[in-house]
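Me: I would like to go through this model step by step. Please keep the answers short and reasoned.

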Amino acid sequence: MTDQPMTDQPTTGTQAEQPVRVMVVDDHPMWRDAVSRDLAEAGLDVVATAGDGEEAVRRARACAPQVVVLDLNLPGLSGAEACRQVVAQDPSVRVLVLSASGEHADVLEAVKSGATGYLVKSAGRDELLDAVRRTAVGDAVFTPGLAGLVLGEFRRLAAEPAAPTAPAVPQLTARETEVLRLVAKGLSYRQIADRLVLSHRTVQNHVQNTLGKLQLHNRVELVRYAIEQGLDDEI
């Protein structure tokens, strides 16, 4: 499906206990209703919808979705700013942008605002369902071609001069460092599990432990941190 290593085959068997709680945000009622219907028919729990940025922020606070499927082009409060506010009020929320735009500037703005994934609206139904499920478990999911753009931007930022004073780097275990190195190379959790002969759940646990130690919120921030540390250059 994709030529970029940050995406892989559909994840199954995760989050089987309870359906993923999703909020859909789009200012076009027909599109919003269609996406909500597809998600609900696939067994996901659509806990709210919203038609603009302000409404999205309010309803995310009230309904506590796990994943927000968010359009960027919203009236009033922009999609990027809505993303920033939703993530700020609850860092556990993961935002999957679903936009008509594939412009690089829009993708990078979304990621910098806290989005963990980005699909263009030409994506098929199955691709969207897979992306929502994988976003819920922490994968960074991008339309083919956009994952490389994001990694490239992180590498560019990492090459800029560092701040004069940097906090002490938390101690990671050897296994956490090994997993982090593969995350920095853009591998998905499934690919990392196969490479290290571990279960998908074990890889997720290592990533969650590392996020906690580094005080980061999601995999996108983790990739940037790892690249800044030069881990993507290690063999």
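Reply: Two strands pair if DSSP finds at least two bridges between them. This is a predicted model. Strand 1 (residues 21-25) and strand 2 (residues 45-50) pair over five bridges. The sense of that pairing is parallel.

Me: Which residue in strand 2 stands opposite V22?
Reply: Strand 1 and strand 2 pair in the parallel sense. Within this arrangement, V22 faces a partner in strand 2, and that partner is V46.

Me: How many of the five residues of strand 1 are buried?
Reply: Buried means under 20% relative accessible area. Strand 1 is mostly covered. The count of buried residues, out of five, is four.

Me: How many salt bridges does the structure hold?
Reply: A salt bridge needs a side-chain nitrogen of Lys or Arg within 4 Å of a carboxyl oxygen of Asp or Glu. R125 and D38 form such a pair, at 3.5 Å from N to O. For the structure, the number of salt bridges is ten.

Me: How many residues apart in sequence are the parts that R125 and D38 tie together?
Reply: The side chains of R125 and D38 meet in a salt bridge. R125 lies in helix 5 (residues 125-136) and D38 in helix 1 (residues 29-41), so the parts they tie together are separated in sequence by 87 residues.

Me: Are R125 and D38 buried, partly exposed or exposed?
Reply: The partly exposed class lies between under 20% for buried and over 50% for exposed. R125 has 38% relative accessibility, so R125 falls in that class. D38, at 21%, also counts as partly exposed.

Me: Which residue forms a salt bridge with D130, and where do the two lie?
Reply: The closest N and O atoms of the pair are 3.3 Å apart. Both residues lie in helix 5, four residues apart, about one turn of the helix. Both are buried. The partner of D130 is R134, and the place is helix 5.

Me: What is the relative accessible area of D139?
Reply: D139 forms a salt bridge with R134, with the closest N and O atoms 3.3 Å apart. R134 has 2% relative accessibility, so R134 counts as buried. D139 is buried too, with a relative accessible area of 1%.

Me: Which residues are linked with D26 in a network of salt bridges?
Reply: The network links D26 with an Asp and a Lys. Those residues are D71 and K121.

Me: Is helix 7 roughly parallel or roughly perpendicular to helix 10?
Reply: The axes of helix 7 (residues 174-184) and helix 10 (residues 219-228) come within 8 Å. They cross at roughly 95°. Angles of 65 to 115 degrees count as roughly perpendicular, so helix 7 is, relative to helix 10, roughly perpendicular.

Me: How many nonpolar residues does the contact of helix 7 with helix 10 have?
Reply: Helix 7 contributes L180, V183 and A184. Helix 10 contributes R219, L222, V223, Y225, A226 and I227. By class, the contact has no polar and one charged residues, and its nonpolar residues number eight.

Me: Where does A64 lie?
Reply: A64 has a positive phi of about 50° although it is not a glycine. A64 is partly exposed, at 39% relative accessible area. A64 lies in the loop between helix 2 (53-63) and strand 3 (67-70).

Me: Is Q215 buried or exposed?
Reply: Q215 is not a glycine, yet has a positive phi of about 55°. Q215 is found in the loop between helix 9 (200-214) and helix 10. Its relative accessible area is 69%, which means Q215 is exposed.

Notes: Residues are numbered from 1 along each chain as its sequence is written. This is a predicted model: local features need pLDDT of at least 70, side-chain atom pairs count only at pLDDT 80 or more; totals for chains, interfaces and linings use all residues. Side-chain values use heavy atoms; hydrogens and water are left out. Buried means under 20% relative accessible area, exposed over 50%, partly exposed in between (1.4 Å probe, protein chains only). Axes are lines fitted to C-alpha atoms, for helices over the stretch in contact, and angles run from 0 to 180 degrees between N-to-C directions. Angles under 35 degrees count as roughly parallel, over 145 as roughly antiparallel, 65 to 115 as roughly perpendicular and the rest as oblique. Contact means heavy atoms within 4.5 Å. Ala, Val, Leu, Ile, Met, Phe, Trp, Tyr, Cys and Pro count as nonpolar, Asp, Glu, Lys and Arg as charged, and the others, Gly among them, as polar.
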